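Let's take a walk through a protein model together. Keep the viewer open and click along as you read.

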Amino acid sequence: MDNEQKYIIKLAEEADLSRLTEIYNWAVLHSVATFDLTIRTEVEAKNWFKLHDDLFYPLYVVQFNGLIAGWGSISPFHPRPAYRQSGEFSIYLDPTFQLR
């Protein structure tokens, strides 16, 4: 029997969005990492998810033993054309995976 704990990093799917939003919203409420003052709604989360593609703005999740432990993304930095090749890098972890 294999008792080894397993981490998997994969591209995020829309089915992961609820968990990604839960992790993000924890950071909104309990940290200063996001610069947001209110939690992300389901509609806002879906719109944010649609900004990501596999090439320029990837969105990854890390799973630990099948559960999403965190995520990382490159998001568009600004809608102005001069910023089209710029990105904002983010990493968020479920609080149970954070060192404190």
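What follows covers the strands, one helix residue, the salt bridges and the largest pocket. Keep in mind that this is a predicted model.

**The strands**

A good place to start is strand E2, which covers residues 59-64. Is E2 largely enclosed or not? Five of its six residues are buried, so the rest of the structure largely encloses E2.

E2 has a partner in strand E1 (residues 7-11), and these two pair in the antiparallel sense over five bridges. To see the pairing for yourself, find Leu 11, which stands opposite Tyr 60 in E2.

E2 also pairs with E3: six bridges join them, and again the sense is antiparallel. Here Phe 64 is the residue to look for, since it stands opposite Leu 67 in E3. E2 and E3 make a hairpin with two residues between them. In that turn, Asn 65 has a positive phi of about 50°.

While you have the strands on screen, here is a handy thing to know: along a regular strand, side chains alternate between the two faces of the sheet.

**A buried spot in helix H2**

Now move over to helix H2, where you'll find Ala 45. Is Ala 45 buried or exposed? With a relative accessibility of just 2%, Ala 45 counts as buried because the cut-off for buried is under 20%. Which residues does Ala 45 touch, if you ignore its neighbours within four places in sequence? Ala 45 is in contact with Leu 17, Thr 21 and Arg 40. You can also check a separation here: the C-alpha atoms of Ala 45 and Ser 18 are 8.3 Å apart, although these positions lie 27 residues apart along the chain count.

**Salt bridges**

How many salt bridges are there? The count comes to five. Here are three of them, with the N to O distance for each pair.

| Pair | N to O distance |
|---|---|
| Lys 10 and Asp 16 | 2.9 Å |
| Glu 22 and Arg 19 | 3.0 Å |
| Lys 46 and Glu 42 | 3.4 Å |

Take the Lys 10 pair to begin with. Its partner Asp 16 counts as buried, at 9% relative accessibility. Lys 10 and Asp 16 also belong to a network of salt bridges that links them with Glu 13.

Glu 22 and Arg 19 both sit in helix H1 (residues 17-30), three residues apart, or about one turn of the helix. Glu 22 is partly exposed, with a relative accessible area of 47%, and Arg 19 is partly exposed too, at 22%.

Lys 46 and Glu 42 are in helix H2, and because they are four residues apart, about one helical turn separates them. Lys 46 is partly exposed at 34%, whereas Glu 42 is exposed at 58%.

**The largest pocket**

Rolling a probe the size of a water molecule over the atoms shows where empty space is left. The largest pocket holds about 290 Å³ of space. Its lining includes Tyr 24, Arg 40, Trp 48, Trp 71 and Tyr 92.

Where does the lining come from? Helix H2 (42-50), strand E3 (67-76) and strand E4 (87-93) each supply at least two residues. E4 gives the largest share, three residues. By type, the lining divides into five nonpolar, three polar and four charged residues.

Technical notes: Residues numbered from 1 in each chain as written. Predicted model: local features only at pLDDT ≥ 70, side-chain atom pairs only at ≥ 80, totals over all residues. Heavy atoms only, no water. 1 Å grid on protein atoms, 1.4 Å probe; cavity = no way out; pocket = protein on both sides within 12 Å on 5 of 7 lines; lining within 4 Å. Points joined across faces, edges and corners; volume = space filled by probe spheres on them. Nonpolar A, V, L, I, M, F, W, Y, C, P; charged D, E, K, R; others polar. Salt bridge = Lys/Arg side-chain N within 4 Å of Asp/Glu carboxyl O. Buried < 20%, exposed > 50% of the residue type's maximum accessible area, 1.4 Å probe, protein only. Pairing = 2+ DSSP bridges. Contact = heavy atoms within 4.5 Å.
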